[in-house]
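Subject: Structure handed over, with notes

Dear colleague,

Here is the structure that I promised to pass on to you. Please open it beside this message, so that you can follow the notes in the order in which they are written.

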Amino acid sequence: DGTVAMFGTNGMPEYATQIPNRADFVSVACGAHHNLALTRAGNIWGWGSDGMGEATGTMNTNSPYFSAGLVRLKGKELNDVIAVASSDMFSLALLNDGTIR
């Protein structure tokens, strides 16, 4: 139905594992310590470890380096995304125009 549920948080703080109560997700990607969920509208929700900006696109300088929220690059919400992927300390977004961020 488009909702996402998370389990097995491996000790992550609660605020880093909060997924919005929405039903418009179309795919997910899992990194080593962070996750991404792509919305039907082409936006990405990221959560988990964010010490390198891998979860939300914004470098987090506050300990313990966890966050949750819409992905932003250079302060601007990333949109027109058609696919997401993630790995250890980075994430990728394929945009509708064929470019990768």
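The notes below go from the whole protein to its strands, then to its nonpolar cores, and end with a single residue.

Please keep in mind throughout that this is a predicted model. The protein has zero helices and eight strands, and accordingly its elements, read from the N terminus, run β-β-β-β-β-β-β-β. Of its 101 residues, 39% are buried, while the surface that the protein exposes comes to about 5,900 Å², with 53% of it supplied by carbon and sulfur atoms. If you look at the contacts with a separation of 6 or more, 35% of them join residues that are 24 or more positions apart.

A good place to begin is strand S3, which covers residues 44–49. Six of its six residues are buried, so S3 is largely enclosed by the rest of the structure. On one side of the pairing, S3 runs antiparallel to strand S2 (residues 34–39), to which five bridges join it, and within this pair Trp 47 of S3 is the bridge partner of Asn 35. S2 and S3 form a hairpin with four residues between them, and Gly 42, which lies in the turn, has a positive phi of about 95 degrees. S3 also pairs with strand S4 (residues 66–70), again in the antiparallel sense and over five bridges, and here Trp 45 stands opposite Leu 70 in S4.

The largest nonpolar core has ten residues, among them Leu 36, Leu 38, Ile 44, Val 81, Val 84 and Leu 95. At least two residues of this core come from each of S2, strand S7 (81–86) and strand S8 (91–95). A second, separate core has five residues, including Phe 25, Ala 37, Trp 45 and Trp 47. As background for reading these strands, in a regular strand the side chains alternate between the two faces of the sheet.

Finally, which residue's side chain makes a polar contact with the side chain of Ser 91? That residue is His 34, and the distance is 2.8 Å. His 34 is found in strand S2, and because its relative accessibility is 0%, His 34 counts as buried. Leaving aside neighbours within four places in sequence, the residues in contact with His 34 include Ala 29, Trp 47, Glu 54, Ser 86, Asp 88 and Phe 90.

With best wishes

Notes: Residues numbered from 1 in each chain as written. Predicted model: local features only at pLDDT ≥ 70, side-chain atom pairs only at ≥ 80, totals over all residues. Heavy atoms only, no water. Buried < 20%, exposed > 50% of the residue type's maximum accessible area, 1.4 Å probe, protein only. Contact = heavy atoms within 4.5 Å. Areas by Shrake-Rupley, 256 points an atom, 1.4 Å probe, with all protein chains shown as cover. Pairing = 2+ DSSP bridges. Core = buried A, V, L, I, M, F, W, Y, C linked by side-chain atoms within 4.5 Å. Polar contact = N/O pair within 3.5 Å; in protein donor to acceptor, adjacent residues only side chain to side chain.
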